[in-house]
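These are my notes on one chain, taken entry by entry. The topics are backbone outliers, helix packing and the nonpolar core.

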Amino acid sequence: MPETTLSQFEQKLKQANQQTPQCADNQFLLLRLFHHIHPRIINELNQVLAPYHIQHHEWTALLMAYAAPDYQILPSTLSSLLDLTRTSLTRLSDDLVSKGLLRRHENRQDRRQIVLQLTPAGVKCIQTAAPVCAAARKQMLLPFSASERKQFEQFLRRLLAHLNHETQPESQKSNLPNFHQTEDTYLSYHSHVKMIGQNSSNEIQQWLNQKMPKFA
């Protein structure tokens with residue numbers, strides 16, 4: 001939304017609020033901005049990833065597998081990390097398998113389970129596209145200083161926790177992984193902790209730091 005259109009939108013809100021108080025206040029505008037910002041972020045990242053024939057949600061799934069030992073991850077774990085339903089995760093993994101970036105096979109520890117594993121092409125995709133995605137993220141957040149980005153992240157985490165009806169113990173605040181430094185800005189850390197535990201989250205972060213120092 002261009003700045004001129006946004007100004008017109010704000011004016012309409014003021015007019016509506018004059019007719020019915022509190023029907024469209026500044027809080028309405030603040031939340032509406034998320035509606036306009038999110039698709040633009042995704043569109044920018046999809047354009048960057050277009051030469052690799054994937055979209056941002058696919059990149060994020062590949063990244064989570066890349067961060068796991070032996071590049072393999074359980075579908076249930078990936079579903080939790082991406083905050084997706086099983087049906088959506090199945091559709092996503094089907095697409096990545098058809099593109100030759102993921103493969104399915106039996107879990108060696110439990111043959112009743114199927115695991116998803118990056119193929120060599122999937123590993124190459126992550127390693128090749130990583131610096132391009134990093135440059136795109138940097139460009140998008142250029143208006144903010146490092147301290148402003150950190151504060152912005154804290155505000156968004158607080159809002160997410162509030163909308164999830166969660167409380168964050170003081171003992172955990174300093175241990176939150178800095179997911180804004182990777183491609184999983186849009187993942188729910190809180191859902192991850194609740195469903196698969198703090199230890200798994202730490203393991204994911206350790207592998208990200210080891211395998212992708214350029215993202216740190």
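I first looked up the exposure of Tyr71 in this predicted model. Tyr71 has a relative accessible area of 25%, and I record this residue as partly exposed because that value lies between the 20% limit for buried and the 50% limit for exposed. I placed Tyr71 in the loop between H3 and strand S1 (72-73). Its phi is near 60 degrees, a positive value in a residue other than glycine.

I then noted Asp83, which is not a glycine yet has a positive phi of about 60 degrees. Asp83 sits in the loop that joins H4 to helix H5 (86-98).

Next I turned to helix pairs. Two packed helices are described by the angle between their axes and the distance between the axes.

How do the axes of helix H3 and helix H4 cross? For H3 (residues 56-66) and H4 (residues 75-82), I found axes that come within 10 Å and cross at roughly 125 degrees. H3 is therefore oblique to H4, since the angle falls outside the ranges for roughly parallel, roughly perpendicular and roughly antiparallel. I logged the crossing of H3 and H4 as right-handed. On the H3 side the contact involves Thr60, Ala61 and Met64, and on the H4 side Leu78, Leu81 and Leu82. By class, I listed five nonpolar residues, one polar and no charged in the contact of H3 with H4.

The second pair I examined was helix H2 (residues 26-49) with helix H6 (residues 120-140), whose axes are 10 Å apart at an angle of about 150 degrees. The two are roughly antiparallel because angles over 145 degrees are counted so. H2 passes H6 in a right-handed crossing. From H2, I listed Ile41, Glu44, Leu45, Val48 and Leu49; from H6, the contact is made by Ala129, Val132, Cys133, Ala136, Arg137 and Met140. The contact of H2 with H6 comprises nine nonpolar, no polar and two charged residues.

My last entry concerns the nonpolar core. Which residues of the largest nonpolar core touch the most other members? I found Trp59, Leu62, Ile73 and Leu78, within a core of 27 residues. At least two residues of this core come from each of H3, H4, H5, strand S3 (114-118) and H6. H3 supplies the largest share, seven residues. I followed Leu78 further: not counting residues up to four places away in sequence, Leu78 touches Ala61, Met64, Ile73, Leu89 and Leu116. In soluble globular proteins, nonpolar side chains tend to be buried together.

Notes. Residues numbered from 1 in each chain as written. Predicted model: local features only at pLDDT ≥ 70, side-chain atom pairs only at ≥ 80, totals over all residues. Heavy atoms only, no water. Axes fitted to C-alpha atoms, helices over the stretch in contact; angles between N-to-C directions. Helix = DSSP H or I, 4+ residues; strand = E, 2+ residues; numbered from the N terminus. Parallel < 35°, antiparallel > 145°, perpendicular 65-115°, else oblique. Left-handed = near helix turned anticlockwise from the far one by under 90°. Contact = heavy atoms within 4.5 Å. Nonpolar A, V, L, I, M, F, W, Y, C, P; charged D, E, K, R; others polar. Buried < 20%, exposed > 50% of the residue type's maximum accessible area, 1.4 Å probe, protein only. Core = buried A, V, L, I, M, F, W, Y, C linked by side-chain atoms within 4.5 Å.
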